Amino acid sequence: MGDYTNMSNYYDLIMTSGYYDYKKIVNELIACADFKNVLEIGCGTGLIIEELASRKNDIQITGFDLTQAMLAIAKQRLNKFDHVTLEHQNVTGLKLNKEFDLAFSYGGVWYFVMDGVNEPFLVSHIYDEQDNVNGLKRVADHVQKNGHLLLGVQGPHRDYQSPITNGYMYSQTIQPIEHGFTKHYFLHDHDKKLMEQRIDYRTYSMAEALDLLGLFGFRHQATTQALPQFQSFVKV
Ligand SMILES: C[S@@+](CC[C@H](N)C(=O)[O-])C[C@H]1O[C@@H](n2cnc3c(N)ncnc32)[C@H](O)[C@@H]1O
């Protein structure tokens, strides 16, 4: 179910070595919709929220995450902001006493894979089908009518290894399984293994994803960009 405890101590190091471009992500987030109350689904260590909160102080930002160790880092990072709230929750049972005009997930629970050539598909950190249904229902219950859901876009997954800034070696392997794939993440300091994490991801074809999101009133908004940072949905 997408637990990042093993990676948490190294997450920022790996991500800020170029895995994600947080400025670009937030540029597009801000351009996608007008919002005053925003929810990040699977906020991890709070890197996106930090960028967003420092650029917009006239909004309220809530982030939640399943992994306590990731959230502990986010709390330290974000306690300087009065307009940020963090919650320890699993999306499958999400309960916040608030509605949002924008909910988004970037590399969090759900994201799309696009390469500009092949049909895009949806990836979920949750392998179980019913848990995905429950999670999307919980998200929909927290998004107000005409509000937006933005799901991040990433490039295709592949096996690779790449040195990160301090000389450690990050690597990942992908293995197909019945309804998706298993991803193994590793971090090595020369021969010493510092971190290993394994997650089973479920995948949905674009048609299946649109049907699933449509069940909860999320209607896809077409974009003219070939490789956007987000796929956008409006709650009708
Ligand atoms: C790749 S990280 C992305 C973190 C952050 N959005 C970022 O861009 O750095 C994925 C995060 O999703 C969280 N996650 C996975 N499954 C979840 C679930 N069922 N409910 C809440 N959070 C979940 C993990 O704990 C992890 O922190």
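Strand β9 and strand β10 are joined by a hairpin through two residues, where strands (E, at least two residues) and helices (H or I, at least four) are DSSP runs numbered from the N terminus. The structure is a predicted model, in which local features need pLDDT of at least 70 and side-chain atom pairs count only at pLDDT 80 or more, while totals for chains, interfaces and linings use all residues. Residues are numbered from 1 along each chain as its sequence is written.

Beside this hairpin, I177 stands opposite G180 in β10. A further hairpin is formed by β10 and β11 with two residues between them, and H190 in that turn has a positive phi of about 50°. Here D189 has K192 in β11 as its bridge partner. The table lists strand pairs, where two strands pair if DSSP finds at least two bridges between them.

| Strands | Sense | Bridges |
|---|---|---|
| β9 (residues 169-177) and β10 (residues 180-189) | antiparallel | nine bridges |
| β10 and β11 (residues 192-205) | antiparallel | ten bridges |
| β5 (residues 110-113) and β6 (residues 121-124) | antiparallel | four bridges |
| β5 and β7 | parallel | two bridges |

Strand β5 thus appears with two partners in the table: W110 stands opposite S124 in β6, whereas F112 has V153 in β7 as its bridge partner.

Helix α2 (residues 22-32) has the buried residues I25, V26 and L29, a residue being buried if 20 or more other C-beta atoms, placed from the backbone, lie within 10 Å of its own, exposed if 12 or fewer, and partly exposed in between. Seen down the axis of α2, these buried residues fall within an arc of 90° (taken from the directions from the helix axis to the C-beta atoms), so they line one face of the helix. The face turned away from that buried side carries the exposed residues K23, K24 and A31. Among the elements that cover the buried residues of α2 are α3 (47-55), β4 (100-105), β7 (143-154) and β13 (230-235).

The largest nonpolar core, a set of buried Ala, Val, Leu, Ile, Met, Phe, Trp, Tyr and Cys residues joined through C-beta atoms within 7 Å, has 53 residues, and those with the most contacts inside it are I48, I49, A103, F104, V139 and L149. Leaving aside neighbours within four places in sequence, V139 is in contact (C-beta atoms, placed from the backbone, within 7 Å) with I41, V91, L94, A103 and L149. In soluble globular proteins, nonpolar side chains tend to be buried together.

Conventions. Two residues are in contact if their C-beta atoms, placed from the backbone, lie within 7 Å.
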